[in-house]
Amino acid sequence: MVAHSFALTEIATPFSSGDSAVFAQNHPGRGTPLSSAPPHLLFWKAKNESQPPVAATERHPKEDTHSVSQVTVSARAAKRVHNFNAGPGALPLPVLERIREELLDWRGSGMSVMEMSHRSPEFESINTAAEQKLRNLLGISDDYAVIFVQGGGSMQFTMAPMNLCLPGKPVDVLHTGAWTAKAIGELKKGFLHHIAASTESEKFARLPRRDEMKFSPDASYVHLCTNNTIEGTQWTALPEIGSQTGNIPFVADMSSDIASRPVDVKKYGLIFAGAQKNLGPSGVTVVIIRKDLAERADKNLPTLLQYRTHVKEKSLYHTPPTFAVYIVGLVLEWIEAEGGIPGMVKRNESKAGLLYDTIESSRGFYSCPVEKSSRSKMNVVFRVAGGVGRSAAAQNMEAIEKQFAAEAAATGLVGTPGHRSVGGMRVSLYNAVEPAAVEALTSFMREFQRTRG
Ligand SMILES: Cc1ncc(COP(=O)(O)O)c(C=O)c1O
């Protein structure tokens with residue numbers, strides 16, 4: 001019992017709902033409570049006290065990390081970088097701090113969320129709260145189900161056609177990049193489909209125009225990816241297809257822009273998003289589905305691959321990724337505390353505006369290959385021309401881009417290289433990326449240009 005009493009007296013930091021005094025004790029000077037926050041809200045509006053990022057070379061070598069078998073935490077204070085990774089990506093610091101606070105004892109339960117039965121009332125409350133928060137934030141009505149499933153965004157490329165394809169009725173696809181290519185790859189395994197528009201011949205540097213789209217009159221659904229994470233394009237409005245197609249549902253891959261801006265859920269039949277960019281860690285995928293569509297599937301499909309199974313069982317048909325769902329709930333709570341979706345829009349527009357302005361005002365040293373009207377506010381792609389213009393030999397460009405990425409990382413600006421399939425640079429500006437991170441990056445960019453331009 002020695003270890004047990006040690007745990008209770010020395011380690012446990014009970015943090016029950018609404019117990020803001022405990023947070024204040026544990027975080028002297030960290031912030032002031034949100035005055036209008038309802039009692040269940042535990043996030044605090046942090047004062048602007050960002051720490052200088054840490055250079056890649058100063059980070060802990062592997063052998064310096066404590067073994068998880070030891071009852072201890074790292075003696076060093078966390079040194080955090082500015083994280084521009086495309087996913088998994090940055091999580092809000094207050095969320096990470098809350099996870100740490102609650103890791104050993106979730107709100108007086110005496111255990112970590114990781115150790116909880118998914119059938120316990122505690123986990124059920126976590127699950128329900130996460131769903132409810134998403135419903136409130138995105139304005140999801142009762143005729144839609146919200147479920148948490150596994151298998152990532154990629155599983156949805158299979159699950160959507162398995163569940164929603166009607167005999168003889170094709171899936172229309174708006175083909176805009178690597179992630180719609182993956183969806184098409186799955187459709188090719190036996191589902192009737194039709195490419196309604198594609199900008200592949202232009203290397204996906206823009207989204208299709210309305211007059212380029214040709215929809216089937218009887219499609220099962222229309223698939224699109226609202227934000228193309230790799231190519232750096234983002235739809236600003238859904239194409240109007242009503243007159244051509246009647247009541248055909250959209251199926252949207254929102255993996256990389258969900259909860260970054262308002263969405264009119266009613267315009268979609270199905271929305272899916274792997275959580276690891278804007279909503280939480282990897283391991284859980286959010287699916288929002290019109291309830292009647294969840295009933296379309298043949299009941300002989302594998303049980304786990306039917307949406308109706310997860311709808312009926314409220315995401316608890318089998319053991320869900322409990323810890324990931326818990327973190328999604330915390331991230332949604334943080335979004336609420338930051339002003340909800342309008343707060344995210346303001347934050348994301350100002351970050352993207354600053355970065356695109358820096359590229360545009362560089363007199364060609366930096367260049368964004370994406371047509372202006374298609375540019376993403378979540379993933380900004382650009383080339384570093386090294387002062388020699390876009391006609392420079394590709395290997396010169398690549399060499400200076402490697403230098404850019406390495407020097408950026410050395411000053412604590414991590415995750416700037418583009419996707420391995422396209423090269424160049426890519427900076428992801430998901431909700432959790434702080435405006436201060438983009439300020440630090442853009443001043444690095446100006447300095448890099450000054451010394452190389
Ligand atoms: C737009 C988009 N769709 C789908 C995926 C695939 O998600 P997962 O890796 O969770 O299968 C990604 C991953 O980056 C993505 O960006």
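## Helix 10

Let's start with a helix whose length can be checked by simple arithmetic. Helix 10 has 16 residues, which at 1.5 Å a residue should span 22 Å, and its end C-alpha atoms lie 23 Å apart, so expectation and model agree. Please keep in mind that this is a predicted model.

Most of helix 10 is covered, with 14 of its 16 residues buried. After the helix comes Gly339, which has a positive phi, near 100°.

## The open sheet

How are the strands of the sheet ordered? The 7 strands of this open sheet follow the order 4-12-11-10-7-5-6, and their pairing is mixed. Strand 4 (144-149) and strand 6 form the edges, each pairing on one side only. From one strand to the next, the twist averages 20°.

Helix 6 (residues 178-187) packs on this sheet, where it touches strand 5 (171-175), strand 6, strand 7 and strand 10 (250-253). The direction of helix 6 makes about 155° with that of strand 5.

## Strand 12 and its two partners

Is strand 12 largely enclosed or largely open? Of its 6 residues, 5 are buried, so strand 12 is largely enclosed by the rest of the structure.

Strand 12 (residues 285-290) runs antiparallel to strand 4, and 6 bridges join the two. Two pairs help you find your way here: Phe148 has Val286 of strand 12 as its bridge partner, and Ala145 stands opposite Ile289 of strand 12. Strand 11 (residues 268-274) is also antiparallel to strand 12, to which 5 bridges join it. Here Ile271 stands opposite Ile288 of strand 12.

## Around the ligand

Which residues surround the ligand? They are Gly87, Gly152, Gly153, Ser154, Trp179, Cys225, Thr229, Asp253, Ser255, Ser256 and Gly274. By class, the shell holds 2 nonpolar, 8 polar and 1 charged residue. The element that gives the most to the shell is helix 5 (residues 152-164), with 3 residues.

Gly87 has a place in this shell, and the peptide bond from Gly87 to Pro88 is cis, with omega near 0°. Pro88 sits in the loop between strand 3 (82-83) and helix 3 (93-102).

## Backbone angles to look at

Most peptide bonds are trans, and most residues other than glycine have a negative phi. Against that background, two lysines deserve a look.

Lys203 is not a glycine, yet its phi is positive, about 50°. Lys203 belongs to the loop between strand 6 (193-198) and strand 7 (221-225). Is Lys203 buried or exposed? Lys203 counts as exposed because it has 12 C-beta neighbours inside 10 Å.

Lys314 likewise has a positive phi, near 50°. The loop between helix 9 (307-312) and helix 10 (322-337) is where Lys314 lies. Because Lys314 has 16 C-beta neighbours inside 10 Å, it counts as partly exposed.

## A residue in helix 12

One last stop is Gln403, which is found in helix 12 (residues 394-410). Gln403 has 14 C-beta neighbours inside 10 Å and therefore counts as partly exposed. Along the chain Gln403 and Val384 are 19 residues apart, and their C-alpha atoms are separated by 9.9 Å.

Methods:
Residues are numbered from 1 along each chain as its sequence is written. This is a predicted model: local features need pLDDT of at least 70, side-chain atom pairs count only at pLDDT 80 or more; totals for chains, interfaces and linings use all residues. A residue is near a molecule or strand if its C-beta atom, placed from the backbone, lies within 6 Å of it. Helices (H or I, at least four residues) and strands (E, at least two) are DSSP runs, numbered from the N terminus. Ala, Val, Leu, Ile, Met, Phe, Trp, Tyr, Cys and Pro count as nonpolar, Asp, Glu, Lys and Arg as charged, and the others, Gly among them, as polar. A residue is buried if 20 or more other C-beta atoms lie within 10 Å of its own, exposed if 12 or fewer, and partly exposed in between; C-beta atoms are placed from the backbone. Two strands pair if DSSP finds at least two bridges between them. Axes are lines fitted to C-alpha atoms, for helices over the stretch in contact, and angles run from 0 to 180 degrees between N-to-C directions. Two residues are in contact if their C-beta atoms, placed from the backbone, lie within 7 Å. The expected span of a helix is 1.5 Å times one less than its number of residues.
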